[in-house]
Amino acid sequence: MRHVAIIGTGQTDYASNRSDASQPELVREAAKAAIADAGLRPQQIDAVLISNMELFEGRALPELWLGEAAFAAGKPCLKVATGGTSGTSACISGFHQVASGLFDVVLVVGLEKHSEGQTQTGMALTDPFWDRAVAAGALGNFALSISQYMAERGVTERQAAMVAVKARRNAARNPHAHLKMPALTVDEVLASRPLAHPIRLLDMCPQSDGACAIVIAAEKPARRLCPRPAWVKASATRHEQPYIGDIDRRLVTMRTLRDAARGVYERAGIRDPLHDFDVAEIYEPVSYAELAWYEALGFCREGEAGRLIEDGVTAMDGELPVNPSGGVLSSNPVGASGVIRVAEAALQIHGRGGERQVEGVRTALVTGYGVYAWADVVVLGAQP
Amino acid sequence: MSELKAPNGDRRPIFIVGVGEVGPVAEDPRSIPEMVLEAVGMALADAAMGHGEIDAVVTASVDLFDGLTASNIAVTEVVGAVMKSETRIAADGLAAAIHAACELRSEAYQTVLVAAHGKASMSDYRSLTRWAMDPIHLQPLDVDFLICAGLQASAMAGADGGAQRRWAQLAARRRASAVPGALAAAISAEAVLASPVLAAPLHEGMCAPLGDGAAAVVLSVRPPAAGRRSVRLVGMGHDLEAHAMGDRDLTRWEGLGRALRRARADAGIASEEAIIDLAEPSCLYPHEEELFRQACAIGDETAISPGGGLFAGTAPVVAGLARLIAAVRGLRGNARYHQALAHGTWGPAGQGQAVALLEAAD
């Protein structure tokens, strides 16, 4: 397989309502920044991939309208849309396209502008016969799965609140983040409005407007253009049963994430993830999910995720900083959220993380999460 | 970073080892997964494979057309993607097949299943296409894909007084070569011209009827079992044009020209005049076939849509993948054909374009 690397990233600022910019303007802002970051000009991009969930804005085939903003007019351009994993899956598609030799430089742009649509209506458009009446939207689904996870693994509301605090405090060091809350406390999270037991307002990700882009390059241009390319070591995608009732103990087992991680770790030579990774950008749509992912990703043994957050192991100064960017809990333009995870992990390897830079990052983990337990896993490294 | 580069001599060959198509029919009473299940079953049977031999899946569907968010959820089980890699390309099915070929060439997988579905009967498809138009400048004008096709046909017809009659004859000829029972019945050129005008200058009889369909293709780096002519995908290219009609020369499909140049470069075909024995274009209207012939410099030595192409009827999203299937069947069934071209398009007036070049390996 040809070596492939991420050589540039670009992000807009994320906010609940970017009324100052249209959808194409957000796309252009991120695309332009990523191309400039890669030291390229737009005409040097061979192909473009767009990641977006069209019904969140009430659109069809939005790349037809947004393509030009991503410098795609006259170029190959496709849209990848797989729910929450759209962004990571679009990046993985870009890795495959460059690795195939068809293209040398691919731009991936993720966009969501939730303020121009009704996201929860979009999320309610599941199977009309079996799922729509009982499993619509993110909250109810997560509430059920989380209750089960808490009961089996002994995770507490306080431990989940600590995840929420870590995310928003980290976000305070990320100039792009939506929810920057440097002084947030666990008690404030626990006192926030209940949404669906046990989820409280501050346990949940926001809906953000924004776009994020990365430039993926083959080995030759990557070495020429980037002093410290973020090489793609391995990636994997796993999808799940389409009906919520068919997934046994979703957050507890999370077999998609486990299986994807197992394969990717093997190919990337990761034996002890907690020690071997220097940073992780994982897709945590809700505080409790981050704890469940710790177990599925092998950061700790089953039932020990609560201890990991209590001991500060995943804090900025811990053994494995998780989501220095503030994660999905701090910024969540859905179509872009997966691209943000990849961009933030690449940024850490590039050494351009600014105030959120972790010292000496050589190996980084990325995950995507979407729909009913669909999972993407990517490992990036400072060496191919 | 060059747009066109020499093909990599040692890259993996890609064989199209299984194909399956359901429909198109005006209205299939079955659900999306039921239709896709049948198409996938046919493709796997054709490839003499089971789901266990499929490493990954690429699907094509469009959320708004299905009325489902992440509408690939509807087909995850029937394409066998539970605990597998699946990528959903929201465009014409041929673009999904091209992405699957990229996955194979990247050496990530050995065998990939591609599936597409579209059910125009579930909705007012024409109205839904308005939601794919620029919402600031075009959607408020109620511009849809059919109106864009009419604008393109108008631009081409110009002062060409014979255009409408020529198009009526072409549509009648294509419909006459469709298999019995096709979605579009045979019709005379006179009847085409007498049919209602849908988007001037396009009459109803010129427009390919849209219905329900599903298609599936198995691509593999391993050749198919002996005993059948094997078909290779040797070149691929795609393109996205500017969106607004006013930003394009509507009398040409320049995007298709670029997609074909990329596909030829990918296949290592230097000559612009390379002979294509069989072309299966995705043309919903006769003026589009003229655009296709011009963009691809296709002359009379090439057989175009021997089975009537999309004029026999088609389904949104499925169309291009169904053309790939028609091209594969053409190569398998006719020893005179060696090179074939499958074409897919999506968006208003051919904004998105995809080309696959196929070769029969004898």
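## A buried lysine and its partner

A:Lys113 is buried, with a relative accessible area of 3%. In this predicted model, the side chain of A:Lys113 forms a salt bridge with that of A:Glu116, at 2.7 Å from N to O. A:Glu116 is partly exposed, at 40% relative accessibility. Buried here stands for under 20% relative accessible area, so the 3% of A:Lys113 falls in that class, whereas the 40% of A:Glu116 does not.

## Other salt bridges

How many salt bridges does a search of the whole structure find? The count over all chains is 40. Side chains of opposite charge can pair when their charged atoms come close.

One of these pairs is in chain A, where the side chains of A:Glu152 and A:Arg249 meet at 2.6 Å, N to O. A:Glu152 belongs to helix α5 (residues 138-153) of chain A, and A:Arg249 to the loop between β8 (230-238) and α9 (250-253), so the salt bridge ties together parts that are 97 residues apart in sequence. A:Glu152 is partly exposed at 39% relative accessibility, and A:Arg249 is partly exposed at 26%. Chain A also holds a network of salt bridges that links A:Arg153, A:Arg258, A:Glu295 and A:Glu302.

## Helix α12 of chain A

Is helix α12 of chain A enclosed or open, going by its buried residues? The helix covers residues 287-296, and 10 of its 10 residues are buried, so α12 is largely enclosed by the rest of the structure. Among the buried residues are the aromatic side chains of A:Tyr288, A:Trp293 and A:Tyr294. A:Glu290 and A:Glu295 are buried as well, and A:Glu295 is one of the members of the salt-bridge network.

After α12(A) comes A:Gly298, which has a positive phi, near 80°.

## Surroundings of B:Arg166

In chain B, B:Arg166 sits in helix α6 (residues 163-176). Its relative accessible area is 35%, so B:Arg166 counts as partly exposed. Leaving aside residues up to four places away in sequence, which residues does B:Arg166 touch? They are B:Asp160 and B:Glu290.

With B:Asp160 the contact is also a salt bridge between side chains, at 3.1 Å from N to O. B:Asp160 is partly exposed too, with a relative accessible area of 32%. B:Asp247 is 81 residues from B:Arg166 in sequence, and the two C-alpha atoms are 27 Å apart in space.

## Chain B as a whole

Chain B contains 10 helices and 12 strands. Its radius of gyration is 19 Å, close to the 21 Å given by the globule rule for 362 residues, so chain B is as compact as a globular protein of that length. Along the principal axes, the C-alpha atoms of chain B fill a box of roughly 55 × 45 × 45 Å.

Of the 362 residues in chain B, 62% count as buried. Among contacts between residues at least 6 apart in sequence, 78% join residues at least 24 apart. The accessible surface of chain B is about 12,100 Å², and carbon and sulfur atoms account for 54% of that area. Chain B carries 30 positive and 42 negative charges, and the mean positions of the two sets are 4 Å apart.

Key: Residues are numbered from 1 along each chain as its sequence is written. Chains are lettered from A and ligands numbered from 1 in the order in which they are written. This is a predicted model: local features need pLDDT of at least 70, side-chain atom pairs count only at pLDDT 80 or more; totals for chains, interfaces and linings use all residues. Side-chain values use heavy atoms; hydrogens and water are left out. A salt bridge is a side-chain nitrogen of Lys or Arg within 4 Å of a carboxyl oxygen of Asp or Glu. Buried means under 20% relative accessible area, exposed over 50%, partly exposed in between (1.4 Å probe, protein chains only). Helices (H or I, at least four residues) and strands (E, at least two) are DSSP runs, numbered from the N terminus. The radius of gyration is taken over C-alpha atoms; the globule rule is 2.2 Å times the number of residues to the power 0.38. Contact means heavy atoms within 4.5 Å. Accessible areas come from the Shrake-Rupley method with a 1.4 Å probe; for residues, only the protein chains shown count as cover. Lys and Arg count as positive and Asp and Glu as negative; His and the chain ends are not counted. The place of a charge is taken as NZ of Lys, CZ of Arg, CG of Asp or CD of Glu.
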